Amino acid sequence: MTGMAPTPLDSSGCTNPAILDRWHPVAPLYAVEAGGVHTTQLLGVELQCRLDTDGAAVVSRLDPLGVEVAATAAYGCVWACLGNPSPTGADRRLPRCGPR
């Protein structure tokens, strides 16, 4: 349809647990070090990323819910999960490679 602007997802735009329950990188770690705050969007949800006084990642929703979501800092990024995250690596399978 010509002339229609795409509509951004609202906070309820994604309802698929296969996507919501995954960890997603939301900010480079350098953007939140030394007291920095990084604002971004994940699956249509505005987020604010920062580090707390202990250096742990904190990611908060900037929508009417305004709650903190599961967050961690690893591999040079801040990661967030909007759903119910599995323990780190619990949702991964290790394939068998090489000779048996």
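Start by selecting P17, which is partly exposed, with a relative accessible area of 48%. That value keeps P17 out of the exposed class, because exposed means over 50%. Keep in mind throughout that the model is predicted.

Widen the selection to residues 17-20, and you have helix α1, where P17 sits. Now add P85 and display the C-alpha atoms of both prolines. P85 lies 68 residues from P17 along the chain, and the two C-alpha atoms are 9.9 Å apart.

Next, go to the sheet. Colour its six strands separately and read across them: the order is β1-β6-β5-β4-β3-β2, the sheet is open, and the pairing is antiparallel. To find the edges, select 24-28 for β1 and 38-42 for β2; each of these strands pairs on one side only. Turn the view to follow the twist, which averages 35° from one strand to the next.

From there, select residues 68-74 and residues 77-81. These are β5 and β6, an antiparallel pair joined by five bridges. One place to stop within this pair is A74, whose bridge partner in β6 is C77.

Stay on C77 for the next step. Is C77 buried or exposed, or in between? C77 is partly exposed, because its relative accessible area is 21% and the buried class takes in only values under 20%.

Then select C49 for contrast. C49 counts as buried, with a relative accessibility of 0%.

With cysteines on display, one last check remains: how many disulfides does a search of the whole structure find? The search finds zero.

Notes:
Residues are numbered from 1 along each chain as its sequence is written. This is a predicted model: local features need pLDDT of at least 70, side-chain atom pairs count only at pLDDT 80 or more; totals for chains, interfaces and linings use all residues. Side-chain values use heavy atoms; hydrogens and water are left out. Two strands pair if DSSP finds at least two bridges between them. Helices (H or I, at least four residues) and strands (E, at least two) are DSSP runs, numbered from the N terminus. Axes are lines fitted to C-alpha atoms, for helices over the stretch in contact, and angles run from 0 to 180 degrees between N-to-C directions. A disulfide is a pair of cysteine sulfur atoms within 2.5 Å. Buried means under 20% relative accessible area, exposed over 50%, partly exposed in between (1.4 Å probe, protein chains only).
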